[in-house]
Structures are given as structure tokens and as C-alpha cells.
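Please open the structure in your viewer and keep the selection tool at hand. The tour below goes from stop to stop, saying at each one what to select and what can be found there.

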Amino acid sequence: MMSKAQSSCVLPGLELSLNTVLMSEARASGILIVEGVRLLGVFGERDALQAIVSGRDLTAVKVADVVRQPVIALTQTEDQNVFTALAQLRQHQIYHLPVVDEQEQWLGIITPASLRCVLQLDELLKLKQLAEIVSPPIVQAPAATSVLQLAQLMLDCEADCVVLTAADDTQDNSHPVGLLLERHVLQLWTLGLDLSQIQAQTVMSSPFLHFPSSESILVAYWKMQQAKVQRFGVYGPQGELLGVVSPTSFLEVLALNEMYDAAEQLQRSIEQFEASSGELAQEQGSELALHLLENPVGLLEQLQCSQILAAMALHIRESLNLNDILQRSVEEVRQFLKADRVIIYQFHPDWSGTVVVESVEDGWRPALNSSIQDKCFGQNYAQAYKNGRTQVCEDIYTAGLTQCHIDILVLYDIRASLVVPILQGEHLWGLLCAYHCSGPRQWRSFEVDLLKQLAIHMAIAIQQSELYQQVQNELKERKRTEEQLKLSLKEKEALLKEIHHRVKNNLQVISSVLRLQSDYIRDERVLALFKDSQNRIRSMALIHEKLHQSSDLLKINFDEYIRDLANNLLRSYTANSQAATLRAEAAGVWLNIDTAIPCGLIINELVSNTLKHAFPTPTSENEILIEISPTSDNRFILTVQDNGIGFPLELDFRNTESLGLELVCVFTEQLEGTIELDRTEGTGTTFRITFSELESIGREQ
């Protein structure tokens with residue numbers, strides 16, 4: 001459960017990075033064990049580690065039998081506060097403090113992370129160096145150590161992490177390369193892995209982030225979040241590792257009275273500001289109106305606003321470079337407003353986002369390209385901004401902002417903010433934000449109006465740029481697709497030609513084998529059968545040869561095919577060919593391979609029959625006609641005609657022992673056609689076959 005359940009706190013102060021990558025690390029570090037409303041104890045990561053290392057069959061162990069006894073809990077009373085809870089955590093060196101009522105019924109739990117959320121001590125942490133929150137000793141081990149050994153080491157040393165080291169060729173000692181945390185061991189164990197066979201270096205958190213001990217605590221925390229880690233090392237002046245720090249380390253070592261004084265001072269400042277801000281606003285309201293009438297400064301400011309808006313419109317007309325337009329706009333706005341920071345923040349589909357454009361005053365930490373994850377926004381504020389909400393915040397500590405929101409703003413030293421939405425129709429594209437960092441600020445109405453108008457212009461620029469980019473992408477994609485299709489077509493053509501070539505060669509090999517075998521045959525009847533088979537194979541091989549040579553791999557020029565086929569047959573039946581003339585007429589007829597093969601075999605059988613039987617007496621007038629002509633209904637008529645002695649009247653060509661005529665009928669059925677015989681004794685024989693071109697098997701139906 002601990003390895004899968006996320007922490008109940010969405011953004012516990014600086015404990016979590018604002019990036020979604022680290023949200024997966026925000027696992028619950030402890031589970032309350034209860035019976036009804038009675039608290040039995042807390043089962044934490046340390047207890048889970050102890051159970052894993054023990055090697056016992058954990059499926060047979062009840063969790064109530066391994067929780068620590070007696071239970072350390074905090075009873076909720078009016079005189080208890082966060083510092084009371086912090087003192088309890090320190091005294092007992094625990095990370096989970098259950099809260100119960102006077103009847104000992106459990107109410108919840110306090111952790112260092114939850115305390116970090118409510119203690120607004122950022123001003124105090126800015127003044128502190130890392131050296132003040134380092135708490136040795138440090139547990140180190142070689143990176144090649146097994147995970148199980150490191151788990152035992154954590155228990156022995158009462159540590160929640162181990163610094164992993166690797167030998168350095170340039171030094172005699174070793175240097176840190178990563179970290180292994182208690183929660184890593186738990187997650188590996190729940191996967192059913194053998195921890196004794198896994199080296200820590202394969203699963204450690206790396207690289208090992210570190211800072212000098214003189215670095216500010218808050219700066220180190222900010223850099224830690226940018227690096228997406230939850231622990232970092234602190235080095236001394238001589239390069240020695242002093243300790244490992246987490247975002248809640250200061251709670252363990254800083255003096256309680258010092259933290260209490262800082263919290264009290266912050267609360268007094270907030271109360272004083274709230275008391276004085278109402279009176280100040282009333283006094284300044286009337287004075288400001290009179291000041292604008294007596295002083296042309298207000299008019300000058302309005303003129304400058306108009307100039308900025310006009311320049312923005314000109315940028316949009318002159319350029320399609322969105323980043324250039326937005327960058328120039330935020331620079332001009334920041335200088336005009338004399339703000340410390342102006343940014344454009346773009347949303348992602350999950351309501352996280354990135355700072356895509358920024359203009360910042362020297363001396364303040366840049367926020368450009370920073371990613372922010374605020375789950376509260378999508379639930380509580382997105383719809384309001386879609387409806388045109390404008391946020392005017394004079395001081396983040398008195399504006400009623402959520403703690404999650406304040407934590408984000410503090411990261412970038414923001415004290416006052418002015419935020420307007422950038423809309424694309426009903427879609428919230430992003431936010432235009434002006435920030436004051438050096439202290440509170442009262443935003444004037446013309447400044448708010450300026451940002452609203454600029455947001456509209458920016459929305460136009462964004463839409464224009466996105467449409468242009470979409471067109472460019474479509475053109476690139478179309479060109480890329482066309483190139484891929486051309487390349488694919490060439491590859492397929494080459495492949496098909498190679499296939500036809502190989503099939504033709506294989507058929508020719510079979511034909512040659514039959515011819516060689518026929519040299520050893522003395523029986524004329526068997527020899528004729530071999531010759532017929534050889535001719536049938538040649539008719540099919542010829543089709544593949546034509547396709548291999550053709551520029552059109554889908555269809556065959558049947559006029560050329562018939563002539564070549566007929567010539568092969570005439571050479572095959574040499575004895576009779578001297579007295580027969582063959583005439584072919586199929587100009588403009590192209591057939592696909594699925595139609596051409598059966599059609600060619602039909603011609604082969606009918607012409608072979610004619611050469612063998614139609615001309616018993618060789619004369620120069622003997623003629624064979626092969627004709628294919630299209631019809632008006634997209635069909636074809638194949639005619640094989642001779643002027644020989646004619647087909648015997650007593651013979652039924654559909655029911656005969658002749659294999660050739662049987663094949664003709666079979667192939668006609670394959671072509672879904674019909675066959676007719678016109679025979680007149682002594683005047684020749686005519687076969688007419690009407691058929692349709694078959695759809696290619698290789699095409700999509």
C-alpha cells in the first residue's frame with residue numbers, strides 16, 4: 001500500500017517538486033493502523049524495512065503484531081500548536097505523529113511535510129546557510145552493494161537513506177554517485193524481486209546533487225526542484241561531505257524559538273497590513289482622481305498604453321515569429337509598469353504549464369522554461385479564468401491565496417501579482433502575468449486594462465502563428481508522406497520485379513527439366529504429354545517475364561504476350577508450323593496478372609489443339625486467328641479461330657477425356673466467363689469466351 005498510495009498532501013510546501021515527474025515519488029511514508037476508531041499504531045517505512053530484512057513470510061504476519069508499542073500520539077487541545085507537534089517529533093525521533101481526541105479516537109496524522117506546509121518560514125530560510133541544517137552522521141556504501149545489505153545498513157544506523165559511492169581513479173577515496181532511499185527498497189520488494197541479487201547502482205537515484213555549505217537553504221531547495229530530486233548533499237570548505245539534506249531538514253535542527261519568532265513576526269506583519277490597507281485605499285482613491293486632473297502624468301500614461309498596444313498590433317502584422325512578438329511585448333510592458341517580472345505562462349492539457357516567455361529585472365532568479373504543476377488550478381480556478389477572470393493581488397500573504405499557490409509564487413520571489421487570461425475562443429491557452437518581487441504593490445486600473453488589452457492582442461498573435469505553423473506542418477507532412485510513398489513505391493516495384501523475375505526463372509527451370517526428361521522418352525504419347533506440360537509452364541513464365549520487363553507492374557500488354565506465346569507454340573510444334581500462319585489482334589488490351597494467367601493458359605490449350613489436330617494437310621492457306629476485344633459492358637471476348645478440318649460433331653468438348661479442353665473449361669469458370677463453340681465440318685472451328693477482368697488479389701477490397 002505504501003509503495004502505491006500517493007501522499008494525501010497535493011503540494012506539501014517545498015517537499016515536492018512542481019514537476020509531475022516527482023509526483024510519483026510522493027508516496028505515503030506511513031499507514032495508520034486502527035480498529036474502528038481506536039488507534040493501534042503507525043506502520044512506517046522503517047517498520048516495513050525491518051519486516052523485509054527479517055526474511056519472514058510476511059503474508060502470515062499481521063500488521064497489528066509489528067507496530068510500535070506504546071503508541072506515541074498527540075491529544076488535540078486548545079493549547080497545542082504546530083510547535084508542540086514539532087517538539088514531539090524531535091523528542092521521539094519519529095516522522096509520524098497521530099492526533100487523537102480526549103476519548104483517544106484518532107483524528108489524523110502530522111508529519112514533517114505537513115508542518116512544512118503551514119510554517120511560512122521562507123524569509124528565515126533565505127538568511128540561513130546549509131551548514132546550519134546539516135545533521136551528520138552520513139551512511140555511505142559502495143554502489144555495487146546489494147539492496148538487501150543496504151536495507152540492513154539503514155536499520156543498523158537508523159537512517160532513511162544511504163549515499164552510494166564509486167571508486168574514482170583520480171583519488172584514493174571514493175565519491176558519491178547516487179542515493180538509495182527506504183521507499184526505493186519498499187517499491188522493489190513489492191515487485192517480487194530478490195533484493196540480495198540487485199546491486200544498488202542499478203536502481204539508485206542519480207546523479208547526486210550537492211551544494212557548498214555556504215549556499216542559502218532556499219536557493220538550494222529551488223535548485224533541488226529544478227533537478228527533480230528529493231535529497232542533496234552538502235559539502236564543506238575542503239570538499240568533504242557533511243551530510244544529506246531534505247526539504248524538511250530544517251525542522252529537525254533549527255531552534256524552535258527562532259522558528260516561532262519568525263512565524264509570529266510574519267503574522268504581525270499580515271495583521272498590520274490588513275488594518276492599514278483599508279484606510280490607505282480610501283485616502284488614495286480621492287487623491288488619485290484629483291491628481292490626474294491637476295497633473296498630465298495620468299494622460300501620459302494612457303498615451304503610453306496606447307503606444308504599446310499599437311506597437312503590439314504592428315508586430316503581429318509584420319512578423320509570423322510568435323516568440324519574437326511575445327518577447328518584445330513583455331519587455332515593453334515590464335519597462336512601462338516598472339515591474340520586476342513579466343511572464344507568459346502556457347497550459348498543458350493536464351493544467352500543468354511552462355513559462356514560455358519572460359522579461360525579468362536583473363538580480364531576480366529567472367523562471368523561463370520552468371514547469372509548474374498546480375493540481376488545485378484545474379479544479380478551482382480554470383473555469384473562472386475561461387470566463388475572463390483577472391487576478392489583482394497586492395500582497396500574496398493577505399490575498400487569501402491557497403497555500404499551494406503561495407508556495408509556487410515564493411519560489412520566484414513574488415510578492416504582488418497581476419494576472420489576466422489569454423483565451424483562444426473558449427480554450428484557456430495561458431496567462432499573462434506581471435509580478436512585483438521587492439514588496440507589496442497597489443496595481444492601478446489603467447495597468448489592469450493594459451494587460452487585458454495586451455492579452456487580446458497576444459491571443460490574436462498566437463492564433464495567427466498557430467494557423468501558419470499548422471499550414472507549414474501540413475505542407476511538410478504532405479511532402480514527407482509523398483517522399484515516403486515514392487520511396488515505398490520504388491522499393492515495391494523493385495521487389496515485385498525481382499519476384500516476377502525469380503518466378504519466371506523457376507518456371508523456366510521446370511520447363512528445362514521437362515525438356516531434358518523428354519529426351520529419354522521413346523513413347524510418343526508420353527512425350528506429347530511432357531510437351532503439353534512444358535508449353536503450359538512456358539505460357540505462365542512468359543507472363544512473369546512480361547511483368548518484369550514492363551513499367552506497369554499491375555497489367556500486361558496482351559497484344560505482345562499473345563504474339564510471343566503463339567511464336568513459342570509454333571516453334572514447339574515444328575512439324576505442323578510450316579503450314580500454318582498465326583494472326584493476333586489484341587491492340588490496346590491490358591490485363592492484370594490474375595486474369596492474364598488463366599487467359600494465357602486457355603489460349604495455350606486452344607492453339608496447341610489447333611496445331612495438333614486442325615491441319616492434317618499442310619498448306620499455305622492454313623491460318624489461326626487469336627483476337628481479344630473489349631465490349632461495351634466492360635467485359636472481353638476471346639476468339640480462337642482456325643480454318644482447319646473442324647471440330648468433330650460427335651464430340652462434346654465439355655465432356656471429353658482431353659486434358660487440354662478440360663483445362664479450358666476450368667479456366668473459363670475461374671474467369672467467371674462463358675464459352676461457345678462454333679463448328680462447321682470442313683470450314684474450321686471457332687471458340688468464343690466471354691469474361692470479365694478479375695480484381696487483383698493484392699489490392700484492398
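Begin by selecting residues 593–613, which form helix H19, together with residues 659–670, which form helix H20; in this predicted model the two helices pack at an angle of about 155°, with their axes 9 Å apart. Because an angle over 145 degrees counts as roughly antiparallel, H19 is described as roughly antiparallel to H20. Seen as a crossing, H19 passes H20 in the left-handed sense. To see what fills the contact, show the side chains of Pro 598, Leu 601, Ile 602, Glu 605, Leu 606 and Asn 609 on H19, and then add Gly 660, Leu 661, Leu 663, Val 664, Phe 667, Thr 668 and Gln 670 on H20. Sorted by class, the residues where H19 meets H20 comprise 8 nonpolar, 4 polar and 1 charged.

Move next to a sheet, where 3 strands lie in the order E9-E10-E11 and form an open arrangement with mixed pairing. Select 210–212 for strand E9 and 241–245 for strand E11, since these are the edge strands, each of which pairs on one side only. On average, and with direction ignored, neighbouring strands of this sheet are turned by 30° against each other. Now add residues 232–235, strand E10, which runs antiparallel to E11 and is joined to it by 4 bridges. For a detail of this part, pick Tyr 235 and look across to Leu 241 in E11, which stands opposite.

The following stop is a pair of charged side chains, one example from the 17 salt bridges that a search of the whole structure finds. Select Glu 45 and Arg 183, whose side chains meet in a salt bridge with an N to O distance of 3.7 Å. This pair links distant parts of the chain, for Glu 45 belongs to helix H1 (residues 45–54) and Arg 183 to helix H6 (residues 182–190), and the two are 138 residues apart.

Keep H6 selected and add residues 147–157, helix H5, which packs with H6 at an angle of about 135°, their axes being 10 Å apart. That angle makes H5 oblique to H6, and H5 passes H6 in a left-handed crossing. Which residues of H5 and H6 meet here? Showing side chains will bring up Val 147, Ala 151 and Met 154 from H5, which meet Glu 182, Val 185 and Leu 188 from H6. In this contact of H5 with H6 there are 5 nonpolar residues, no polar ones and 1 charged residue.

How values were computed:
Residues numbered from 1 in each chain as written. Predicted model: local features only at pLDDT ≥ 70, side-chain atom pairs only at ≥ 80, totals over all residues. Heavy atoms only, no water. Axes fitted to C-alpha atoms, helices over the stretch in contact; angles between N-to-C directions. Parallel < 35°, antiparallel > 145°, perpendicular 65-115°, else oblique. Left-handed = near helix turned anticlockwise from the far one by under 90°. Contact = heavy atoms within 4.5 Å. Nonpolar A, V, L, I, M, F, W, Y, C, P; charged D, E, K, R; others polar. Pairing = 2+ DSSP bridges. Salt bridge = Lys/Arg side-chain N within 4 Å of Asp/Glu carboxyl O.
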